[in-house]
Amino acid sequence: MQKSPQKARIGVLGENIACDFLFKKRFKIVQRNFKARYGELDIIAIHNKTLVFIEVKTRTSLRFGTPEEAITPRKLHELVQTAQYYVILHPELPTLMRIDVIGIMMDEITEEVQRITHTENITS
């Protein structure tokens with residue numbers, strides 16, 4: 001299923017906001033939008049000697065729930081598989097790793113950020 005141009009634009013905007021947010025928290029961005037057979041990793045970063053895979057969910061309304069609620073068990077499984085594949089391809093990166101989620105709520109009209117949440121280590 002392909003995203004509408006508006007949803008795709010909001011998604012890219014959310015990822016850019018997330019990168020700025022992570023940069024301020026001293027994360028080093030390694031790669032963005034890594035695609036594999038299993039799925040996609042929005043942001044890959046290093047923080048405190050830990051390889052961090054970050055899923056970004058951006059919403060302009062709560063009509064379909066909070067951004068974080070979009071991480072279903074199936075989506076989490078895809079993230080884990082894709083992260084494991086990425087680690088195989090990049091053995092030079094830290095061996096400690098985790099998966100985080102950044103949820104962004106934006107105003108539907110102005111696209112101003114209303115709230116950013118950062119949940120670390122969603123697999124434990």
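**View 1. Asparagine 33 in strand β1 of the predicted model.** Asparagine 33 is partly exposed, with a relative accessible area of 29%, in a structure that is a predicted model. The residue lies in strand β1, which covers residues 28-35, and Asparagine 33 has a positive phi of about 55 degrees although it is not a glycine. Among the residues that touch glutamate 15 is Asn33, together with Arg32, which leads to the next view.

**View 2. Glutamate 15 and its contacts.** Glutamate 15 lies in helix α1 and is buried, with a relative accessible area of 10%; that value is under 20%, and therefore the residue counts as buried rather than partly exposed. Not counting residues up to four places away in sequence, glutamate 15 touches Arg32, Asn33, Asp42, Ile43 and Val56.

**View 3. The largest nonpolar core and a separate one.** The largest nonpolar core has 14 residues, and those with the most contacts inside it are Ala18, Leu22, Ile43, Ile54, Val56, Ile102 and Ile104. Two or more residues of this core come from each of α1 (5-24), β2 (40-47), β3 (50-59) and β4 (97-106), and α1 gives the most, with 5 residues. Apart from this core lies another, of 11 residues, among them Phe34, Ile46, Leu51 and Tyr86. In soluble globular proteins, nonpolar side chains tend to be buried together.

**View 4. Isoleucine 43 and the residues around it.** Isoleucine 43 is one of the residues with the most contacts inside the largest nonpolar core. When residues up to four places away in sequence are not counted, isoleucine 43 touches Glu15, Ala18, Cys19, Leu22, Ile29, Gln31, Val52, Phe53, Ile54 and Val56. The contact with Glu15 appears again in the list for glutamate 15, which includes Ile43.

**View 5. The hairpin of β2 and β3.** β2 and β3 pair in the antiparallel sense over 5 bridges, and isoleucine 46 stands opposite leucine 51 in β3; Ile46 and Leu51 are also among the residues of the core of 11 residues. The two strands form a hairpin with 2 residues between them, and asparagine 48 in the turn has a positive phi of about 50 degrees. Lysine 49, which lies in the loop between β2 and β3, has a positive phi of about 65 degrees although it is not a glycine. Lysine 49 is exposed, with a relative accessible area of 70%.

**View 6. Strand β3, its partner β4 and the crossover.** Of the 10 residues of β3, 9 are buried, so this strand is largely enclosed by the rest of the structure. β3 and β4 pair in the parallel sense over 9 bridges, and the bridge partner of glutamate 55 in β4 is valine 101. The chain crosses from β3 through α2 to β4, and this β-α-β crossover is right-handed.

**View 7. Threonine 66 in the loop that follows β3.** Threonine 66 is placed in the loop between β3 and α2 (73-89), and at 25% relative accessibility this residue counts as partly exposed. Threonine 66 touches Arg59 and Arg115, not counting residues up to four places away in sequence. Although threonine 66 and isoleucine 104 are 38 residues apart in sequence, they are 8.9 Å apart in space, C-alpha to C-alpha, and Ile104 is among the residues with the most contacts inside the largest nonpolar core.

Note on methods
Residues numbered from 1 in each chain as written. Predicted model: local features only at pLDDT ≥ 70, side-chain atom pairs only at ≥ 80, totals over all residues. Heavy atoms only, no water. Core = buried A, V, L, I, M, F, W, Y, C linked by side-chain atoms within 4.5 Å. Buried < 20%, exposed > 50% of the residue type's maximum accessible area, 1.4 Å probe, protein only. Helix = DSSP H or I, 4+ residues; strand = E, 2+ residues; numbered from the N terminus. Contact = heavy atoms within 4.5 Å. Pairing = 2+ DSSP bridges. Right-handed = clockwise from strand over helix to strand, strands pointing away.
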